[in-house]
Amino acid sequence: MKLPSSLFASAVAIALTVPQLATADTSGMSIALSNNYAGNSWRQAMLEVWEANAKDAVAAGTVKAADTFTTSENQATEQAAQIQNLILQGYDAIVVNAASPTAINGAVKEACDAGIKVISFDGIVTEPCAWRIAVDFKKMGGDQIKYLSERFPDGGNLLEIRGLAGVFVDDEIHAGIEEEVENSNFTIVGSVHGDWAQDVAQKAVAGILPSLPEIVGVVTQGGDGYGAAQAIAATDRDMPTIIMGNRQDELQWWSEQQADNGYETYSASIAPGVSTLAFWVAQQILDGQDVPKELVVPIHTVVADTLAESLASTPKGSVANVSYTLDDARQTIEEAKGG
Amino acid sequence: MNMSRDHFRILLPVLSLVVLLAGVFYLQPRAMSYFGLNLLFNLAVPVALATIAQMMIIMVNDIDLSIGTFVSFCACVTATFVQETPLLGYLILLMSIGAYAGIGALIHYRNLPAIVVTLGTSFVWGGLAILILPSPGGSSPEWLHAIMKSKPPLVPMAIIASVIIGVLTHLLIKRSSFGVLLRGVGGNDRTLSRAGWSVLKLKASAYGLAGLFGVLSGMALIGLTTSADANIALRYTLLSIAGVILGGGEFTGGRVSPIGAVIGALTLTLAASFLSFLKLSPDWQIGSQGAILILVLAARLAFAKREAQQ
């Protein structure tokens, strides 16, 4: 684009008079991403969106560099060594998705002592000097019931599909669902473990269906909605409202049903793009902003209006993604301050 | 030139360490400092201790597949019991050393394959670690943390610790008569037993020593990380075997080198840092780490051939 020079000059003059936005101070700084694992589609998407975002940020002069480092064996001692290497490489901030919440604390403390800001997300660390951007899994569970309450104010019977037994995430989402069900007119009449996998969920749901009364909704944990739909479609039951988890096959199925019979539901999950949120939070910390140590990852929801767009941008076998911006980071920080 | 076999054997590990160190200094001049050396090598201290533990087992012609989970177990005990109720904690660690010696005795007594027994015990240690620490946590005893984070003048703690570990085990294994007997178990245990020594006792001692160094490794690790995780040291099993071999040890015949093993552990740790400084894509890193290993071992084979010709 070519601007007339006088217009350009006045634009510069205006830019100089308005209060400086927080981008100038961090242009000479570099941020590293220390990642413990890259072996599934979620993590691959997480790295891709970080790299795309980093490229833009470096081109725009927001930061000098934003490199990614992934350990090859998903082991805490390996990641601790990696973080110590990053200290030596002179990064100003290290964004961490940790292999263990505790076992890399020593290395994180070394980094803090060297004046480096450490921001952990998704796989957070407990070391007090680091920032934490954690996922509120309880809210993910509770939100499902809240949505269903809006759809069915009179309540009804629900089927719950849980994740992998004994895993922290499964317990948390389940607790969130249970808590909210108590304040609603819903009853959970059956519960199966779908292990976050479509095929497992399909078998489990098919097995429990004959023993269930009529159900109005299926609450899920993501990765299991499509399997549930397949199992229910094989019977002569009416299709209940199945909460989806942003997986491509789930969105695809929903979109087909929407075109067919105006099927309505809601889909939510944590977007792999949360790495970019961590990037911008790191940038804000480097910029000297006052950022609380405990932050919460926003939940990425897909609703009927955004379904087509999300489906189009989600590759097969992957999960709906979003690249967060500086404004999103500021909003997350403000929310944490308010809470 | 009058060079003994042992000196010759140690030459290659030293050479590989120096070459890698030169590479790291070239890529990252900041590493060439007190602070930098400490960061490069402090996590090698528990690896070196685990490698010595593995060396004790390889010395008697066995192999230990449980050292990784054992170190994890010791780390969990250190971060919980030793920190909260020291007496009970040390008792547990002492008992686990006893258990190691017992496993050694059992392997010899029943003539069991060590690789199978230790694979089995690795699940036992792993299970115990999860029982003690179902979710990551615990904290390091103050004194331990203070030692591991200490900043002695001139030479970083990591280097001093490595030298002490190397020299002490060298004196024990290479210079004491007890060490000669232990190596004899790997060399020719029949001769030993005909000479009136109890191979059972010797093998139990070798395993007991391995247990002792496993405990020290777990404690050192907690001093550095400050907090434990039941899976914290799983990769030490393979790292320690690689370290022993890289350091000039052999799987049979009781031919091991304690100083070489420590250098092997340092080299392996450094290799990972070297690849990280190269900014190599993680997809290539495991492969490259393997390539470095193969390179060193190939060089060793060439050395050994020349040695045989002389």
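Mentor: Let's start with a definition: a polar contact is a pair of N or O atoms within 3.5 Å, and within protein one must be able to donate a hydrogen and the other to accept it. Keep in mind that the model we are looking at is predicted.

Trainee: Then what makes Gln75(A) and Arg235(B) a polar contact?

Mentor: The backbone nitrogen of Arg235(B) lies 3.4 Å from a polar atom of the Gln75(A) side chain. Set that against the cut-off of 3.5 Å, and the pair is therefore within it. As for its place in the fold, Gln75(A) sits in the loop between strand 2 and helix 3 (76–88) of chain A.

Trainee: Is Gln75(A) buried or exposed, and how do you know?

Mentor: Its relative accessibility is 12%, and buried means under 20%, so Gln75(A) counts as buried. Setting aside residues within four places in sequence, Gln75(A) is in contact with Ala99(A), and across the chains with Asn231(B), Ile232(B), Leu234(B) and Arg235(B).

Trainee: What is the extent of the interface between chain B and chain A?

Mentor: The two chains bury about 2500 Å² between them, with 56% of that on carbon and sulfur atoms. In terms of residues, 32 from chain B are in contact with 25 from chain A.

Trainee: Why would one give an interface as an area?

Mentor: The size of an interface is often given as the accessible area lost when the parts come together.

Trainee: How many polar contacts and salt bridges cross between the chains?

Mentor: The count of salt bridges between chain B and chain A is 2. There are also 10 residue pairs in polar contact across the interface, both residues being at pLDDT 80 or more. On the chain B side, the elements giving two or more residues are helix 2 (34–41), helix 10 (199–225), helix 12 (258–277) and helix 13 (282–309). By class, that side has 15 nonpolar, 12 polar and 5 charged residues.

Trainee: Why is Lys279(B) with Asp67(A) called a salt bridge?

Mentor: Their closest N and O atoms are 3.3 Å apart. The rule asks for a side-chain nitrogen of Lys or Arg within 4 Å of a carboxyl oxygen of Asp or Glu, so this pair qualifies. The pair crosses between chains, from the loop between helix 12 and helix 13 of chain B to strand 2 (residues 65–70) of chain A.

Trainee: And what makes both partners "partly exposed"?

Mentor: The class runs between 20% and 50%. Lys279(B) has a relative accessible area of 48% and Asp67(A) has 22%, so both fall in between.

Trainee: How do you know that Lys149(B) and Glu110(A) form a salt bridge?

Mentor: Their N to O distance is 3.9 Å, and the cut-off is 4 Å, so the pair counts. Lys149(B) is in the loop between helix 7 (142–148) and helix 8 (157–175) of chain B, while Glu110(A) is in helix 4 (residues 105–113) of chain A, so the pair joins two chains. At 9% relative accessibility, Glu110(A) counts as buried.

Trainee: Which residues are linked in a network of salt bridges?

Mentor: Arg162(A), Asp170(A) and Asp171(A) are. Within this network, the closest N and O atoms of Arg162(A) and Asp170(A) are 3.0 Å apart. Arg162(A) has 14% relative accessibility and Asp170(A) has 1%; both values are under 20%, so both residues are buried. Over all chains, the structure holds 13 salt bridges.

Trainee: Which residues have the most contacts inside the largest nonpolar core?

Mentor: They are Ile104(A), Val108(A) and Met56(B), in a core of 116 residues. Apart from it lies another core of 51 residues, among them Ile31(A), Ile243(A), Tyr266(A) and Val297(A).

Trainee: What makes the phi of Asp195(A) worth a remark?

Mentor: Most residues other than glycine have a negative phi. Asp195(A) is not a glycine, yet its phi is positive, about 55°. Asp195(A) lies in the loop between strand 7 (186–193) and helix 7 (198–208) of chain A, and at 30% relative accessibility it counts as partly exposed. Asn61(B) also has a positive phi, about 65°, and lies in the loop between helix 3 (44–59) and helix 4 (67–84) of chain B. With a relative accessible area of 36%, Asn61(B) is partly exposed.

Technical notes: Residues are numbered from 1 along each chain as its sequence is written. Chains are lettered from A and ligands numbered from 1 in the order in which they are written. This is a predicted model: local features need pLDDT of at least 70, side-chain atom pairs count only at pLDDT 80 or more; totals for chains, interfaces and linings use all residues. Side-chain values use heavy atoms; hydrogens and water are left out. Contact means heavy atoms within 4.5 Å. Buried area is the accessible area (1.4 Å probe) that two parts lose on being put together, summed over both. Helices (H or I, at least four residues) and strands (E, at least two) are DSSP runs, numbered from the N terminus. Ala, Val, Leu, Ile, Met, Phe, Trp, Tyr, Cys and Pro count as nonpolar, Asp, Glu, Lys and Arg as charged, and the others, Gly among them, as polar. A nonpolar core is a set of buried Ala, Val, Leu, Ile, Met, Phe, Trp, Tyr and Cys residues joined through side-chain atoms within 4.5 Å. Buried means under 20% relative accessible area, exposed over 50%, partly exposed in between (1.4 Å probe, protein chains only).
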